[in-house]
Amino acid sequence: MKMGLRGRLFFSHLVVMIVGVASLVIISRISSPRLFVLHLERLENQGFDLIDVRTELVAGFEIAWQRSTVWSVLVGSTAAGGLSYWVSRRIMRRLTEMEQITQKFAAGQMDARLPMSDIPELNGLGASFNRMAASLEGVEVRRREVIGDMTHELRTPLTVVRGYLEELADGEIEASPEIYRRLAKETRRLERLVNDLQELSKAEAGYLPINIQRINLRPLLESLVEKFTDQLLEDGPVLYLECPSVLPLVLADIDRTEQVLVNLLGNAVRYTNEGSITIRVEIEPSKLWIAVKDTGIGIAPENLPHVFERFWRADQSRDRHSGGTGIGLTISWRLIELQGGQIQLESELGIGSTFRFFLPLA
């Protein structure tokens with residue numbers, strides 16, 4: 001039968017106590033009579049006549065020493081044993097509390113936390129566990145949010161696809177290229193949603209590969225302006241690039257930076273019917289700021305804190321119609337963060353929005 005931690009602690013204390021008591025008794029047994037005899041000799045040298053009673057004095061001393069030693073060992077052992085038991089029980093009580101808390105945590109009670117202890121080592125262990133518990137609780141909360149959001153987002157395209165298929169099967173509508181195009185559109189939306197969710201999951205878990213290099217962003221900005229200008233209608237907004245002719249190099253992933261700019265420009269085009277969309281570049285001592293400013297519908301002040309949340313939309317019906325998944329800004333925020341930058345937003349309802357982010361200079 002294996003001995004538990006409490007038994008081991010108690011047994012170790014007893015062993016230490018026995019070794020200490022045995023050492024004390026042995027050393028005392030060897031040295032005490034000799035020291036007592038030397039003391040008697042000093043008294044005789046000082047003029048005391050102890051020759052006739054020396055034997056009785058030594059014998060009396062040994063008897064007294066033996067009796068006192070027996071009582072000292074009994075009392076000391078009892079006190080030390082009781083103290084060892086109390087210390088072992090006190091330590092085990094904290095460990096038992098930790099075990100109970102971890103069982104609650106494993107059972108799904110994610111807010112369970114270990115109490116602080118006055119024992120520094122156990123207090124450090126409890127603090128480490130509580131940090132881990134808080135991290136896991138955050139992961140669990142995000143997991144539930146993702147599942148809930150994903151369920152909500154998947155429901156609409158799946159309902160549309162099922163509706164068309166049931167009507168086709170019942171003969172309520174006739175198969176036509178238009179019906180197939182609608183089905184293909186919803187299927188592509190599902191595919192984009194799954195791909196975006198996979199990329200967001202990797203980004204939040206830190207598994208998304210980021211290839212940081214020294215790059216010049218001006219060629220990328222020029223190519224994006226040309227690409228999006230071709231997509232704008234004649235009566236739509238005008239796209240401008242306000243950028244110095246020579247830009248300092250930045251430390252960034254060129255592909256991920258392009259992905260962020262495509263998301264920001266795509267949103268600007270989606271929500272700007274007229275006016276202008278401007279890409280503005282500003283240089284600071286250690287940062288390169290890139291801003292995408294539009295004259296679109298803007299965002300209400302109460303909605304600004306939610307812009308970078310998963311599946312949040314400023315205009316639910318319009319964004320669904322245009323095929324957005326509602327994850328692009330969340331992914332952009334995470335991609336900029338992984339490159340050592342930060343993304344910010346300024347917006348006024350009915351006036352427009354400005355998304356700006358910085359990348360560190362090389």
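This report describes a sheet of strands, the helices that pack on it, and one buried loop residue.

The structure is a predicted model, and its description can begin with the sheet. Strands of a sheet pair through backbone hydrogen bonds, and this pairing can be either parallel or antiparallel. Here 5 strands form an open sheet, in which the order is β2-β4-β5-β7-β6 and the pairing is mixed. At the edges lie β2, which covers residues 238-242, and β6, which covers residues 342-348, and each of these strands pairs on one side only. On average, neighbouring strands of this sheet are turned by 15° against each other, when direction is ignored.

One pair of strands can be followed in more detail. Strand β4, made of residues 276-283, runs antiparallel to strand β5, made of residues 287-294, and the two are joined by 7 bridges. Within this pairing, I279 has V292 in β5 as its bridge partner.

Two helices that pack on the sheet are set side by side below, each with the strands that it touches and the angle between its direction and that of one strand.

| Helix | Residues | Strands touched | Angle between directions |
|---|---|---|---|
| α5 | 218-231 | β2 and β4 | about 170° with β2 |
| α6 | 254-270 | β2, β4, β5, β6 and β7 | about 25° with β5 |

Helix α5 has 14 residues and reaches 20 Å from its first C-alpha to its last, which is close to the 20 Å expected at 1.5 Å a residue. Which residues of α5 are buried? They are L220, L221, L224, V225 and F228. Seen down the axis of α5, these buried residues fall within an arc of 135°, so they line one face of the helix. The buried residues of α5 pack against β2, α6 and β4, whereas E226 and D230, on the other side of the helix, are exposed.

The last part of the picture is a residue in a loop. Q339 is found between α8, which covers residues 328-338, and β6. Is Q339 buried or exposed? Its relative accessible area is 3%, and because a residue counts as buried when this value is under 20%, Q339 is buried. When residues up to four places away in sequence are not counted, Q339 touches I210, I212, L251, A252, D253, R256, T257, L359 and P360. With one of these residues, T257, the side chain of Q339 makes a polar contact, side chain to side chain, at 3.1 Å.

Note on methods:
Residues are numbered from 1 along each chain as its sequence is written. This is a predicted model: local features need pLDDT of at least 70, side-chain atom pairs count only at pLDDT 80 or more; totals for chains, interfaces and linings use all residues. Side-chain values use heavy atoms; hydrogens and water are left out. Two strands pair if DSSP finds at least two bridges between them. Helices (H or I, at least four residues) and strands (E, at least two) are DSSP runs, numbered from the N terminus. Axes are lines fitted to C-alpha atoms, for helices over the stretch in contact, and angles run from 0 to 180 degrees between N-to-C directions. Contact means heavy atoms within 4.5 Å. The expected span of a helix is 1.5 Å times one less than its number of residues. Buried means under 20% relative accessible area, exposed over 50%, partly exposed in between (1.4 Å probe, protein chains only). The arc is that of the directions from the helix axis to the C-beta atoms. A polar contact is a pair of N or O atoms within 3.5 Å; within protein, one must be able to donate a hydrogen and the other to accept it, and residues adjacent in sequence count only if both atoms are side-chain atoms.
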